[in-house]
Every structure is written in structure tokens, then in C-alpha cells.
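Me: Could you take a close look at one helix in this protein for me? I'd like to know how it sits among its neighbours, and then hear about a few backbone details elsewhere.

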Amino acid sequence: MLYQQRAAPPPGGEPDEFVLSDGSLDRMGDVIEPGGWQLDQIKSDPPVLFNHNRDQIVGRWTNIRVKDGKLIGKIVWAKSDKWPMGQYIRDLVREGVLRTVSVGFQPVAREPLTKDADKHHGPFRFTKQQLLECSLVSVPANPNALALAKDLPRDVLAEVFCKTARRFDELRADHAKPGKHVLREGGGSLSETRSTKMQTQTIAQKIQAAQQNISILRDRLNELAARDDLDADETKSYQEDLPAQIEEARRELEAHRRVERSLVDDTPTAITVQPERREQEIILPTTSNTPTMPSGDGRKLFAIPKKKLEPGDHLARALAAWTKAHVTKDPIDKVLRDSYGADEMTNVVLRAAVNPAMTTVATWAAELVQTSNVDYLDRLIPNFIFPQLKALGASYTFGNNGVLKIPVRAATPTLAGAWTAEGGAKPVKRASFSTVSLTPTKLSVISTFSEEMATYGMPSIEAIIRQAMSDDTGIALDTYLIDNVAASAGVRPAGLLNGVTPITASAATPSTAAMVADLKALVAAITAAGGGGRGPIAIIMNPAQALALGFAQTTTGDFLFSSVEQAASKFGVRFIVSNTVTAGRVIAVDAADFATALGDVPRFAVSTEATLHEEDTTPLALGTGTQGSGVLAVPMRSLFQTDAVAIRMSLYVSWVMRRASMVQTIASVIW
């Protein structure tokens with residue numbers, strides 16, 4: 001979709017009528033023929049947007065027609081009072097403050113404007129076009145589009161803007177010749193800076209047009225590649241013409257970029273050379289002996305490969321940018337652009353919309369919430385117990401439910417068939433069921449740091465947040481998972497070892513025999529209770545026991561197992577190794593009976609005004625007791641008074657064993 005911006009006086013004095021477009025030369029050097037508007041293609045009244053934001057609709061355009069060489073339309077304002085900004089925009093228009101519009105259209109037919117026009121970059125004369133939308137905009141892109149100057153004589157306009165009144169082809173000729181001075185009426189010339197600025201804007205449009213041309217050629221090539229029944233002309237186009245055109249378009253695009261860099265790089269500052277589809281960025285050295293690193297632009301020193309970003313990195317970047325924006329009171333898009341402006345994904349978000357991302361809005365960005373949630377847990381997979389055990393068991397999501405009840409069938413009575421004689425009565429049996437419940441419990445933490453750290457610590461604060469929240473929460477989660485603490489309603493689930501009586505460790509010699517005996521005892525205890533038939537039994541142990549298992553030898557000196565994986569295969573179990581397990585302790589869990597439930601996403605909140613009790617073990621309410629004899633929690637900190645920032649994280653997680661006796665342990669093995 002293309003845009004043409006105009007500031008329009010109300011025809012006939014109507015405050016809600018605008019000139020949407022006319023046949024004058026726009027800032028890209030193109031002309032839109034007023035008679036080419038295909039108004040019969042409009043099925044419903046186009047929306048009136050503010051600053052081309054599709055989520056800020058203030059009304060609709062009616063009575064759209066072409067009159068006296070101008071496209072004219074009238075606004076019918078939305079009557080909803082749920083958006084105060086809409087009322088404010090309407091008042092600005094009625095008072096004559098906001099008089100600028102920008103029309104978005106789809107080209108249907110075009111022709112070169114001049115004989116020297118480029119076939120890809122123009123300038124063009126659009127002879128047929130369809131109206132898509134028209135927006136009220138706060139700043140006009142065309143400085144000549146003044147509300148009261150539309151109908152002034154050309155010599156008056158030339159005097160106002162210090163330009164001679166000339167025809168379109170003369171203006172275009174000057175615009176297309178780099179470095180040529182534009183003569184004033186009095187014999188002077190515009191400055192070299194003004195000529196260069198106009199040329200740089202033209203080159204930027206050529207770069208955009210070249211990129212669009214490459215996209216069109218690639219789409220055509222993909223379309224032919226998906227077909228099997230190509231004729232001779234299409235085969236030639238697929239094998240020769242289109243690849244050659246794409247390569248030529250790439251060379252043309254790179255040539256425009258070189259010209260653009262030569263125009264803007266007139267100061268000895270370090271630059272970033274970014275060839276198309278390269279995996280690393282290079283900074284050319286300055287005249288100084290030490291390369292210059294511009295702060296905040298994400299550039300890297302000589303030939304250092306760029307880090308490949310994962311979805312979780314964007315989650316951490318978003319949190320860091322959110323925190324800094326909260327502290328500095330800058331707009332979030334400015335913080336993102338200053339901190340991560342060189343990142344392609346960040347630029348896609350900045351160009352996509354001006355509305356903040358919300359977890360409840362489809363396409364922006366509810367899908368990111370779900371993806372980031374999975375990635376957050378994936379970070380714990382290589383080193384921690386919970387994600388590995390969760391993957392072997394049954395997983396649920398709370399969603400909007402306050403309690404999840406899981407039906408469990410009792411071992412007795414059974415519905416087994418019985419032998420029956422001919423004509424004999426058949427037994428009638430029933431089964432017995434019970435339920436286990438999962439209720440939302442959460443792990444929470446608050447961390448504070450100074451506003452100076454938030455302001456000047458980018459992007460190092462991002463790594464601090466990511467590592468602290470991921471690693472420490474993972475270790476804490478594993479510790480709670482395998483302890484023997486009973487469940488506390490609404491606070492935490494029971495540890496796996498709660499109520500479990502340890503099995504006596506084997507004292508057989510050599511230690512290899514004791515190892516085999518201990519593992520057999522754990523598996524036998526679970527299978528005797530009816531487990532082990534629907535999935536693997538998970539054996540959780542310390543790295544010291546895993547190392548002993550890998551180096552176990554026979555009496556002849558041969559290794560008993562070639563690897564820990566082979567040992568797991570022979571025993572029919574799954575080994576999970578973690579430092580969280582105390583050395584010497586081995587835990588067996590029937591993974592099929594392990595059920596977990598998680599919240600939708602880790603929840604973060606930032607504050608600079610709260611008051612906190614700075615206690616990491618037994619935090620209390622800030623004040624307890626009755627009036628006149630209350631007790632205050634100390635030490636206490638006011639974030640507002642001390643210029644501090646607090647980040648709070650909450651992760652909803654819970655687990656339960658569906659049947660008893662499905663967890664067994666040996667407290668102290670000798671191997």
C-alpha cells in the first residue's frame with residue numbers, strides 16, 4: 001500500500017470535509033491522476049484512522065467523489081464515548097488545528113512520468129488506483145501541502161518556498177541530477193546541503209522499490225517452483241529469466257545502498273557494513289588507533305560473529321526494555337530502538353504497530369506468550385530434575401481453573417472376567433475410583449536494584465535477569481520437588497519423599513554388587529505396588545553415583561556398562577542426574593504416576609513506588625498488630641525515596657503422585 005499526504009482546506013467551509021488527494025507532484029516525485037480513482041470498487045465506507053493505526057478508528061469517510069480535479073471526502077465521526085482520544089482528535093479537527101490527511105491506495109495502472117523515468121523506481125503517473133483508507137495525521141510529509149496555500153498562484157508559492165515556479169518535468173529533472181543547484185528567482189542557488197538531502201530521500205525510495213521488486217520476483221519464482229506442468233516459456237522463465245532478474249535486482253539494490261552510504265558517511269565515525277544475508281557484522285576502523293564502539297547501537301568489533309537469538313532472548317530483552325522504560329519514563333518503542341535497534345526482529349515489531357503488545361490480543365502478541373512459556377522451561381531441561389520428570393509424566397495447564405481433579409482407579413476391586421460353565425450365571429463386578437487434586441501454587445521472588453543500574457546497565461541487566469530468574473528458580477524448584485515436606489494448602493505441594501520410608505542400602509561387596517542390588521530393590525518395590533507397567537521408572541541420583549555407575553567393573557576388570565544410557569536400557573529405567581540430590585541418595589519414581597500443572601506464563605511486575613520488607617527468609621506484612629501497639633517489619637525500603645526498582649516474578653506450578661507407593665528411595669548407598 002502506498003501513501004500520499006496532503007493538508008486540505010474544507011471545501012465550501014465544511015469542517016469535516018477534506019481534499020484527500022489531487023493531481024499535484026507528491027514528495028516521491030509521483031503524480032496521482034484524480035480521474036483514476038476507482039470509487040466504484042469501494043464496497044463500504046473506508047475507515048478514518050489516526051496516524052495509520054488500524055486500532056485507532058475515529059470515524060468513516062462518506063460522500064467520496066472527484067470534483068474539480070480533487071478527491072474529496074467527508075468524515076462521519078464515531079459516536080462511541082469509550083475512547084477519549086477520539087473526542088480529542090475530533091475537537092482538533094473542528095478547531096482547525098489538525099487539517100492534514102494521508103491517503104493509502106493500491107496502484108492498479110501506472111506509466112512513466114518523464115522520458116527519463118526508471119522502470120522500477122519511477123517517477124510514475126498513477127492512472128488507476130483503488131482507495132484503501134485515509135488517515136488524519138499530525139505532521140504532513142509534504143512541506144508544500146499547506147491548508148491555505150492549495151489555490152494560491154504558482155509565483156506566490158515560489159516566493160514563499162524560495163523556489164522558481166516551474167513545470168513538473170523541470171522539477172523532476174533537477175531532482176534526478178545529483179549535486180545540481182536549484183536556481184532562485186534572484187539568481188542565487190539553494191545550498192548544497194538542501195540538494196543532497198533531497199537526493200538522499202530519493203535514494204531511500206529507490207532502495208525500498210528495489211526491495212519490493214526482489215520480493216515480487218521471488219514470489220513469482222516460488223509460484224513456478226510449486227507447479228509441475230510448466231510450458232516451454234514458463235520453464236525458461238523458471239530456469240533462466242527469473243534467477244537472472246533476481247541477481248540483477250540484488251546488484252542494483254547493493255549499488256543504491258553504496259550510494260546512500262557515501263552520501264551520509266561524511267564524518268569519521270565507525271560504521272557497520274552489513275552485506276545482504278551475512279552471519280557477522282564488521283566495523284571499519286577509524287583514523288584513531290582504537291576502534292570506536294558507538295554506544296547503544298548493538299554493533300560488534302572486528303569480525304565477531306553475531307549471537308543467534310532464541311525466543312527466550314527476546315523475552316529477556318522485552319523485560320529489560322520494559323524495566324528501563326518504567327524507570328526513565330521513555331516510550332517503550334524508543335527504549336527498544338536505542339537498545340536493540342540493529343536487531344531485525346525488534347525492527348519488525350517497531351514497524352508493525354504503535355500499540356503495546358498484550359497477552360490477550362490475538363496476533364499481537366498472545367502467540368508470543370505461549371512460545372515464551374515453553375522456552376522458559378526448556379532452559380531448565382539440560383540441568384534440572386523437574387522438566388525431565390515432567391516430560392515422562394502427565395502434564396496439565398490450569399488455564400482459568402482453580403482446581404484440577406484427576407480420576408484415579410483403585411487396584412481393587414477389579415473387572416476381570418471369570419470362568420463360567422455353560423448356562424451358568426456370570427459375575428457382575430464394579431470398579432472403584434478416587435480423585436487427586438492439583439491446586440495452583442506459585443514460586444515468587446522480588447529483586448531490587450538502583451535506577452542507575454536500570455538506566456546505564458543495558459544490556460547487562462538483561463543477562464542478570466535471565467540467569468537469576470532461570471537458574472535460581474530451577475534449583476529451588478528441584479529442592480522442593482524431592483524434599484520430604486508435607487503439602488501446605490494454597491502454599492506448596494508435598495515433596496516426593498513425603499511419607500516415604502527409605503529402603504535399607506545393600507552392603508554387598510564388591511560395590512558393583514551393591515549397586516545392582518540397590519537398583520533392583522528400588523524397581524522391585526515399585527512393581528510390587530502395581531507400578532512400572534505404563535512407562536519408565538525414573539532413577540534420580542547425584543553425579544557421583546552416575547559416575548560410579550559408568551565406571552562399574554566386573555571381577556575380571558571389564559566395564560559393566562559402556563555408558564549410563566546402556567545401564568538404563570538394561571535395567572529398564574530412565575536415569576536423571578542432578579546436583580540437587582544429596583550424594584549417596586537414590587530416588588526411584590514411577591513417572592507415569594507423576595502429574596504436573598503449570599500456569600500460562602511466568603508473570604513479571606515492575607515498581608518504583610512500592611515499599612518492601614527486605615527479608616529473604618521470612619518476609620512479613622509491613623505492619624501487624626492493633627492501633628497504637630502495631631509492629632513494623634524491618635528493615636523496610638521505600639523504592640520511591642531511594643530511586644530503586646523492584647522486579648517481581650511469579651511462576652504457578654504444582655505436582656502430585658496419582659497413587660501411593662510409587663516413590664521409593666535409598667538414603668545412603670555405598671557405591
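The reply below starts with helix α14 and then moves on to other spots in the chain.

Me: Which residues of helix α14 are buried, and what do they pack against?

Reply: Happy to walk you through it; please keep in mind that this is a predicted model. Helix α14 covers residues 543–550, and its buried residues are Gln545, Ala546 and Leu549. If you look down the axis of α14, these buried residues fall within an arc of 100°, so they line one face of the helix. Several elements meet the buried residues of α14: the helices α13 and α15 (564–571), together with the strands β15 (537–541), β16 (573–577) and β17 (586–590).

Now for the start of the helix. Asn542 caps the N-terminal end of α14. A side-chain oxygen of Asn542 lies 2.9 Å from the backbone nitrogen of Ala544.

One of the packing partners, α13, leads us to a backbone detail. The loop between α12 (460–481) and α13 (511–528) holds Pro510. The peptide bond joining Thr509 and Pro510 is cis, with omega about -5°. A cis peptide bond also runs from Val634 to Pro635, where omega is near 0°. Pro635 is in a loop as well, the one between β22 (631–632) and β23 (636–638).

For a helix to set beside α14, try α7, which spans residues 332–340. The buried residues of α7 are Val335, Leu336, Ser339 and Tyr340. Viewed down the axis of α7, they fall within an arc of 100°, so here too the buried residues line one face of the helix.

Two further backbone points are worth finding on your screen, both about phi. Asn63 has a phi near 50°, a positive value in a residue other than glycine. Asn63 is part of strand β5, which runs over residues 53–67. With 48% relative accessibility, Asn63 counts as partly exposed, because that class lies between the buried limit of 20% and the exposed limit of 50%. Ser661 is not a glycine either, and its phi is positive, near 65°. Ser661 sits in the loop between β24 (644–657) and β25 (663–666). At 42% relative accessibility, Ser661 is also counted as partly exposed.

To come back to your helix: α14 has Asn542 as the cap at its N-terminal end, and its buried residues line one face.

Note on methods
Residues are numbered from 1 along each chain as its sequence is written. This is a predicted model: local features need pLDDT of at least 70, side-chain atom pairs count only at pLDDT 80 or more; totals for chains, interfaces and linings use all residues. Side-chain values use heavy atoms; hydrogens and water are left out. Buried means under 20% relative accessible area, exposed over 50%, partly exposed in between (1.4 Å probe, protein chains only). Helices (H or I, at least four residues) and strands (E, at least two) are DSSP runs, numbered from the N terminus. The arc is that of the directions from the helix axis to the C-beta atoms. Contact means heavy atoms within 4.5 Å. A polar contact is a pair of N or O atoms within 3.5 Å; within protein, one must be able to donate a hydrogen and the other to accept it, and residues adjacent in sequence count only if both atoms are side-chain atoms.
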